[in-house]
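Visitor: Hey, could you walk me through this one? I'm new to this.
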Amino acid sequence: MRQPQPYDDIPGTTVFDAERSRQGYHLNQFCMSLMKPENRAAFRANEAEYLKAWPMTEAQRQRVLARDWNGMIALGGNIYFLAKLFSADGKSFQHVAAIMTGATQEAYAQMMLNGGRSPEGNRSLAEWKQRG
Amino acid sequence: MAELFAGLTTSHVPAIGAAIDNGKTNEPYWQPVFKGFEFSKAWLEKLKPDVAIVVYNDHASAFSLEIIPTFAIGCAEEFPPADEGWGARPVPVVKGHPDLAWHIAQSAILDEFDMTIVNKMEVDHGLTVPLNLMCGTPKEWPFPVIPICVNVVQYPPPTGHRCYMLGQAIRRAVESFDKDLRVLVFGTGGMSHQLQGPRAGLTNQQFDYAFLDRLTQDPQALTKITPLEYLREAGSEGIELVMWLVMRGALNDKVEEIYRFHHIPVSNTALGHIILENR
């Protein structure tokens with residue numbers, strides 16, 4: 001059982017603490033391997049086969065294959081490690097951030113141009129629940 | 001004796017590096033960002049530091065989850081740019097300053113800061129983007145660099161107070177170095193931003209402006225910001241701002257604010273930049 005933490009109350013946010021780091025160790029180390037061009041080539045050639053070499057859970061593998069970014073974070077993925085995966089895919093931080101928020105690329109980019117997401121109403125889970 | 005005469009901070013958003021590398025700096029989106037650093041480049045060009053200490057965080061490039069140093073100092077002769085998944089950035093190799101770096105490492109350790117000494121390290125956008133913003137795109141960087149890496153990837157990062165104290169220890173180390181060097185310190189990262197999850201895109205202009213004000217006038221107040229407050233108010237990645245306090249700790253209590261720039265958005269981020277000189 002996960003010990004509750006004060007930061008669990010921040011909505012839409014997963015803090016990469018000790019538990020998540022232990023859970024996501026192999027997932028994150030796999031992402032790190034994509035810093036080498038030969039590994040990127042091998043991964044692209046057969047993603048499922050490449051992932052077999054990393055002792056992560058089957059659920060983690062499935063989320064990598066599906067590029068389910070929030071799903072990977074929920075299973076211990078860290079955004080800076082996941083950046084190696086989406087960079088290898090030729091995608092930007094903004095591209096992936098938009099997906100994680102459930103917005104279209106255009107809507108997300110426009111939100112940023114309008115000054116970003118305000119902290120008002122986004123500080124605690126209670127505020128998100130109220131909003132429904 | 002070496003002298004630490006000024007400090008500056010700047011965000012290190014990777015998209016800035018991509019804009020430079022892909023020749024997009026004149027596009028309407030990017031123009032105001034680079035314009036915001038024109039004063040700063042001229043300021044730096046005039047002051048010509050002998051060495052820069054650049055406090056930044058490695059973004060899972062040099063350090064994987066195998067080894068996670070809270071504070072590390074680069075003592076190598078040089079630091080090549082890292083391949084972060086799309087090939088290494090086409091920027092010059094960063095030359096180190098091993099004499100001063102080793103001196104700082106030894107001095108800080110005896111001053112009760114247990115630094116990890118790094119003799120081989122590639123540097124990512126966290127270090128090269130600030131150099132681009134302040135120096136443009138020269139064939140060689142105009143000064144040697146001592147990288148100081150602060151862990152902000154694995155929670156918890158060091159507290160702001162601890163970072164401030166490290167800055168003070170770095171100052172003492174520089175001033176006990178027996179060569180006439182003029183040293184500049186960079187704090188990088190921030191300002192408010194969140195890169196992950198459904199709350200991605202969070203920025204907090206009010207928090208950032210107050211942080212900039214207090215960085216100049218009342219840094220002690222900033223050392224009391226808790227990790228929880230950073231996460232909640234500045235976003236999960238806004239906690240990088242603790243690195244700005246290393247810079248501030250290395251300066252005098254009394255500083256003059258020479259310049260400041262704040263701009264939203266840069267990709268997912270509120271970009272912030274300030275230059276402080278000792279008084």
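Guide: Sure, let's begin with chain A: it splits into domain 1 (13–89) and domain 2 (102–132), with bounds from an automatic or database domain assignment. This is a predicted model, where local features need pLDDT of at least 70, side-chain atom pairs count only at pLDDT 80 or more, and totals for chains, interfaces and linings use all residues. Residues are numbered from 1 along each chain as its sequence is written, while chains are lettered from A and ligands numbered from 1 in the order in which they are written.

Visitor: How far apart are the C-alpha centres of domain 1 and domain 2 of chain A?
Guide: They lie 26 Å apart.

Visitor: Switching topic: how many residues of chain B are in contact with chain A?
Guide: 35 residues of chain B, and they meet 44 residues of chain A. Contact means C-beta atoms, placed from the backbone, within 7 Å.

Visitor: Which element of chain B gives the most to that side?
Guide: α9(B), with four residues. Helices (H or I, at least four residues) and strands (E, at least two) are DSSP runs, numbered from the N terminus.

Visitor: And what about α10 of chain B, why is it largely enclosed?
Guide: Eight of the eight residues in α10 (242–249) of chain B are buried, so the rest of the structure largely encloses this helix. Buried means 20 or more other C-beta atoms within 10 Å of a residue's own, C-beta atoms being placed from the backbone. W244(B) and R248(B) are among them.

Visitor: Last one: what does I53(B) touch?
Guide: Leaving out residues up to four places away in sequence, I53(B) touches I146(B), I148(B), I170(B), V183(B), V185(B) and F186(B).

How values were computed. A residue is buried if 20 or more other C-beta atoms lie within 10 Å of its own, exposed if 12 or fewer, and partly exposed in between; C-beta atoms are placed from the backbone. Two residues are in contact if their C-beta atoms, placed from the backbone, lie within 7 Å.
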